[in-house]
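Let's take a walk through this fold, one piece at a time. Keep the structure open beside you as you read.

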Amino acid sequence: MSGPEDKVTTTTAASSTDFFESIGKKADQLAPLTNGHGTNGTTNGSATAEDDGDDGKVVEQIESLCMNCHDNGYTRLLLTSIPYFREVILMSFQCDKCGFSNSEIQSAGEIQPKGASYLLRLTEMVDFERTVVKSDTAVVKFIELDLEVPAGRGQLTNVEGLLSTIIDDLEIGQAARREQGPPEVYEKIARIIEKGRAMLAGEDFPFRLSVDDPAGNSWISPNMRDGIGKWEKRDYVRTPEQNEELGLAATEPGATEGGPDEDIIPDQVYEFPATCPGCMHPCTTRMTMVDIPHFKAVVLMSTSCSDCGYKSNDVKTGGEIPALGQRITLKVESEEDLARDILKSETCALECPELNLQVNPGTLGGRFTTVEGLLTQIRDDLRSQIFETGAGGGDSLASGERHTWNEFFDGLDVAIRGEKPFTIILSDPLASSYVQKAVDPDQDDPQMTVEDYTRTDEEEEDLGLKDMKTEGYEQDQANGAIAVESKPNGE
């Protein structure tokens with residue numbers, strides 16, 4: 001009876017990780033067949049694959065209809081996982097009759113609880129090598145090029161390949177636009193093509209690439225040497241329209257409507273109905289206002305779904321927008337410093353020079369914890385993205401890059417244990433972050449400095465402050481109404 005029992009155990013242990021191995025493992029399996037050598041030392045690789053049966057196949061091949069000549073071609077499927085990301089399906093179609101070919105990528109996972117928006121600022125030629133996963137629900141924008149690619153075919157490429165494909169597609173129809181279309185359309189697209197070619201040649205740095213995916217299944221590869229503002233990721237709650245486009249259940253009307261205006265009582269927990277961003281079922285959001293001594297009142301929010309297990313928490317700060325941003329520098333020298341309370345708002349950037357750590361605004365959202373807790377969360381989130389995503393996670397990493405990441409995490413662990421002094425720098429354009437003092441509030445902490453700074457134009461634009469007008473708008477509205485009334489009929 002031991003034989004059948006062992007067989008059953010092996011069968012039930014199989015999971016998605018057995019099918020979605022990393023690209024590195026897939027290449028190792030394919031290399032003997034590509035070189036013409038089987039696993040038993042023979043030179044007939046195809047015979048070896050046939051002897052192994054379906055279990056030995058690296059690429060699945062399916063006969064399918066060609067949409068060009070309506071004859072039969074072949075679709076090849078590769079199930080794999082991308083390091084730092086998740087499982088994907090690579091598809092390639094080839095028709096031997098008419099020569100038509102096509103390739104596409106699809107996410108093998110589920111729709112993520114939140115949408116994801118990535119922003120990459122390209123400043124040098126090496127940035128063109130960044131891997132880009134564009135799902136069929138993602139919108140791609142080259143901001144300085146004033147060019148947007150709507151949701152469509154999924155792609156696995158790099159920044160150079162993505163931009164080259166877009167420019168090549170625009171050039172294909174230029175001859176027809178010159179003959180048939182309005183001349184201004186032809187001239188505008190010609191300027192876009194010219195500027196795009198200059199970008200590819202490295203003559204128009206810097207410029208920005210944005211990938212916005214409501215399904216959360218797109219990705220731009222990060223680099224551990226990225227500074228603040230180089231690579232950014234922002235998770236967001238989808239709108240009802242986006243949920244409808246993805247085929248998810250619509251939000252129940254009136255689910256989030258509040259009652260009459262009432263003053264919020266500090267330290268009292270409020271509950272109100274919400275919709276889970278993961279499964280779209282009704283759930284409960286809890287909120288309470290906490291007064292941080294010698295700082296300001298903040299709102300703690302927590303959402304928990306009993307149906308799918310989704311949980312999230314966030315910290316929101318209120319009040320007026322200050323005229324200046326604030327930069328807090330804390331020297332952590334002992335275990336007591338690790339226990340200091342720290343509030344990192346969602347607009348705050350974090351930097352630790354001794355640990356080679358930089359966290360962009362919006363990456364972690366708002367967090368009210370201790371210094372140790374904040375570093376621990378950053379370490380766990382990064383480690384899960386790099387080493388624990390998909391099947392094998394970082395198996396495809398080069399040995400040098402893997403060694404660099406291991407040294408980085410070892411340095412974080414030493415700092416979390418209080419065995420290495422380091423510096424934390426919080427730069428918040430809204431001055432909504434806070435670090436607890438180790439002395440009396442009216443005294444200066446020798447290990448902490450707080451300085452105000454003038455926000456940059458980029459920070460003002462990201463916060464929407466350049467488009468905000470708080471004075472004199474009543475007169476502008478009145479002048480606009482008078483101008484409309486003074487126009488003659490028919491204009």
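In which loop is His70 found? His70 sits in the loop between strand E2 (60-65) and strand E3 (72-81). Bear in mind that this is a predicted model. His70 is worth a stop on account of its backbone: its phi is positive, about 65°, although it is not a glycine. Most residues other than glycine have a negative phi. The residue is also exposed, with a relative accessible area of 56%.

A second residue of this kind is Asp146. Here phi is near 55°, again a positive value in a residue other than glycine. You'll find Asp146 in the loop between E8 and E9, and it is exposed too, with a relative accessible area of 62%.

Now step back for the overall view. The protein's secondary structure comes to 13 helices and 25 strands. Of its 491 residues, 34% count as buried. If you take the contacts in the protein with a separation of 6 or more, residues 24 or more positions apart account for 61% of them.

The loop that holds Asp146 leads us to a sheet, since E8 and E9 both belong to an open sheet of 5 strands. Its order is E9-E8-E11-E6-E13, and the pairing is antiparallel. The edges are strand E9 (147-149) and strand E13 (231-236), each of which pairs on one side only. On average, neighbouring strands of this sheet are turned by 15° against each other, direction ignored. At the E13 end, strand E6 (residues 115-122) and E13 pair in the antiparallel sense over 6 bridges. To find the register, look for Leu120, whose bridge partner in E13 is Trp231.

What packs on this sheet? Helix H5 (residues 159-172) does, touching E6, strand E8 (139-142), E9 and strand E11 (207-213). The direction of H5 makes about 85° with that of E8.

H5 has a helical partner as well. Its axis and that of helix H7 (residues 183-200) come within 10 Å and cross at roughly 155°. Angles over 145 degrees count as roughly antiparallel, so that is how H5 and H7 run relative to each other. Their crossing is left-handed. On the H5 side the contact is made by Glu160, Leu163, Ser164, Ile167, Asp168, Leu170 and Glu171. H7 answers with Ile189, Ile192, Ile193, Gly196, Arg197, Met199 and Leu200. By class, the residues of this contact divide into 8 nonpolar, 2 polar and 4 charged.

Carry on from H7 into the loop between H7 and E11, and you come to Pro206. A cis peptide bond joins Phe205 and Pro206, with omega at about -10°. Most peptide bonds are trans.

There is some further strand pairing to trace in this part of the chain. Strand E7 (residues 131-134) is joined by 4 bridges to strand E10 (residues 155-158), and the two run antiparallel. Val133 has Leu156 as its bridge partner in E10. E7 is also joined to strand E12 (residues 219-220), this time by 2 bridges and again antiparallel. There, Val132 stands opposite Ile220 in E12.

Further along the chain, another open sheet of 5 strands comes into view, in the order E21-E20-E23-E18-E25 and with antiparallel pairing. Strand E21 (357-359) and strand E25 (448-453) are the edge strands, each pairing on one side only. The twist averages 10° from one strand to the next. Inside this sheet, strand E18 (residues 325-332) pairs with strand E23 (residues 422-428) in the antiparallel sense over 7 bridges. Ile328 finds its bridge partner, Leu426, in E23.

Our last stop is a helix pair, helix H10 (residues 371-386) and helix H11 (residues 399-416). Their axes come within 10 Å and cross at roughly 160°, and H10 and H11 are therefore roughly antiparallel to each other. H10 passes H11 in a left-handed crossing. From H10, the contact takes in Glu372, Leu375, Thr376, Arg379, Leu382, Arg383 and Ile386. From H11 come Trp405, Phe408, Phe409, Leu412, Asp413 and Ile416. Sorted by class, the contact of H10 with H11 has 8 nonpolar, 1 polar and 4 charged residues.

How values were computed: Residues numbered from 1 in each chain as written. Predicted model: local features only at pLDDT ≥ 70, side-chain atom pairs only at ≥ 80, totals over all residues. Heavy atoms only, no water. Pairing = 2+ DSSP bridges. Axes fitted to C-alpha atoms, helices over the stretch in contact; angles between N-to-C directions. Contact = heavy atoms within 4.5 Å. Parallel < 35°, antiparallel > 145°, perpendicular 65-115°, else oblique. Left-handed = near helix turned anticlockwise from the far one by under 90°. Nonpolar A, V, L, I, M, F, W, Y, C, P; charged D, E, K, R; others polar. Buried < 20%, exposed > 50% of the residue type's maximum accessible area, 1.4 Å probe, protein only.
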